[in-house]
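Reader: I would like to learn how to read a structure like this one, feature by feature. Where do we start?

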Amino acid sequence: MRTPPRLSLNNGVLIHQLGFGLYKVPPADAAGLVAVALAAGYRHFDTAAMYGNELGVARGISPELSARPGSGGSGELFPALSRDDVFITTKVWNDHHGYDATLRAFDNSMVNLGLDYIDMYLIHWPCPRRGLFPETYRALETLYREGKVRAIGVSNFQPAHLDRLLQTAEVVPAVNQIELHPWLQQEELRSKHRELGIMTQAWSPLGRGQVLADPVVQACAAEHHRTPAQVILRWHMQLGHIAIPKASSEARIRENLNVFNFELSDRDMAALAGLERGQRIGSHPDNVN
Ligand code: NDP
């Protein structure tokens, strides 16, 4: 299967449009799933300090990175896979907001991941009641300037949080990773992202599996001889989102990647646009602190 196409972030760094999400993947399973996903063609992995599986992600990736010819690794699956071929995102958790605490949290994630640099570091939630996200972001800017991370961004930021951040930020966030699926289309945020040059990254792109049962999605899938998950992921791709679906079996991991050889028509896209109902799977960002 082919590796997903890459999009250019606002600083020119390339990111694979479809990645693999690791929320709720038990630490003991992470290495195995990452290895399966790599073999399927995924190159972009989304973890977080809060997921507790950064170490597992590292264990899944590092054998392939050391598998270059002459390196003593297995060399069989990906003889040419290098560090530049994979994109790793991790995130600072809510209880590490603040300049110094964030720098310490980053060091801890670096140790867990065993990497020389991280591709993207995000503020996991804005935690508006703590009021520390501007300081937290300043730490991300330090890490970015030091070359420890190739791109920085935010997650779960509402328009007002972005406005506040941009009063003091010197680096425009590369992405805002938000809950986004056909039942929660986030039009206001997406248009703000376009205005600001921030890439929209969809978490729970399948509505944590719930949107798969939607009759409109099912009808569209039947018409294209595809699965509901493929239809939704294709919708994200055609809208230019980055999506990071999570799946627990090799069959689903492969199925979710197989979305680059068909196209939804304007009529399909309009039908899916009509599914908006403002329904969240996760928490509202104002309520996470
Ligand atoms: P998803 O929308 O990716 O849905 C995952 C669910 O859908 C799982 O139950 C999975 O089942 C099921 N599923 C996946 N593929 C298929 C398929 N082809 N057919 C049928 N069912 C399928 O939800 P997530 O909440 O996991 O979000 C994805 C990623 O987004 C997370 O893993 C994480 O990396 C990120 N995220 C970020 C957040 C943030 O605050 N920044 C918050 C939440 C998520 P099964 O596992 O049994 O295969």
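Reader: In which loop does His-241 lie?

Author: A residue outside helices and strands is placed by the elements on either side. This is a predicted model, and in it His-241 lies between α8 (228-239) and β10 (242-243).

Reader: Is His-241 buried or exposed?

Author: The test is relative accessible area, with under 20% counted as buried. His-241 has 2% relative accessibility, so this residue is buried.

Reader: What does the side chain of His-241 join in a polar contact?

Author: Its partner is the side chain of Arg-190, at 3.5 Å. Arg-190 is also on the contact list of His-241, which leaves aside neighbours within four places in sequence and includes Gln-17, Leu-180, Thr-200, Trp-235 and His-236.

Reader: Where is Asn-156 in the chain, and which side chain does it meet in a polar contact?

Author: Asn-156 sits in the loop that runs from β7 (149-155) to α5 (159-168). Its side chain makes a polar contact of 2.8 Å with the side chain of Trp-203.

Reader: Why does Asn-156 count as buried?

Author: The same reading of accessibility applies. Asn-156 is buried because its relative accessibility is 4%. Among the residues it touches, beyond those up to four places away in sequence, are His-124, Trp-125, Pro-126, His-161 and Pro-285.

Reader: His-124 appears there. Which loop holds it?

Author: His-124 belongs to the loop between β6 (118-123) and α4 (133-145). With a relative accessible area of 4%, His-124 is buried.

Reader: How far is the C-alpha atom of His-124 from that of Ser-155?

Author: Separation along the chain and separation in space are read as two numbers. His-124 and Ser-155 are 31 residues apart along the chain, and their C-alpha atoms are separated by 5.1 Å. Both Ser-155 and Asn-156 are in contact with His-124, as are Ala-48, Met-50 and Trp-93, among others.

Reader: What share of contacts in the whole protein joins residues at least 24 apart?

Author: Counting contacts between residues at least 6 apart in sequence, the share is 72%.

Reader: Why does the radius of gyration agree with a compact globule?

Author: The idea is to compare the model with a value expected for its length. For 289 residues a compact globule would be near 19 Å, and the protein has 18 Å, so the two agree. Of these residues, 54% count as buried.

Reader: How many helices and strands does the protein have?

Author: There are 10 helices and 10 strands. The C-alpha atoms fill a box of roughly 50 × 50 × 30 Å along the principal axes.

Key
Residues are numbered from 1 along each chain as its sequence is written. This is a predicted model: local features need pLDDT of at least 70, side-chain atom pairs count only at pLDDT 80 or more; totals for chains, interfaces and linings use all residues. Side-chain values use heavy atoms; hydrogens and water are left out. Helices (H or I, at least four residues) and strands (E, at least two) are DSSP runs, numbered from the N terminus. The radius of gyration is taken over C-alpha atoms; the globule rule is 2.2 Å times the number of residues to the power 0.38. Buried means under 20% relative accessible area, exposed over 50%, partly exposed in between (1.4 Å probe, protein chains only). Contact means heavy atoms within 4.5 Å. A polar contact is a pair of N or O atoms within 3.5 Å; within protein, one must be able to donate a hydrogen and the other to accept it, and residues adjacent in sequence count only if both atoms are side-chain atoms.
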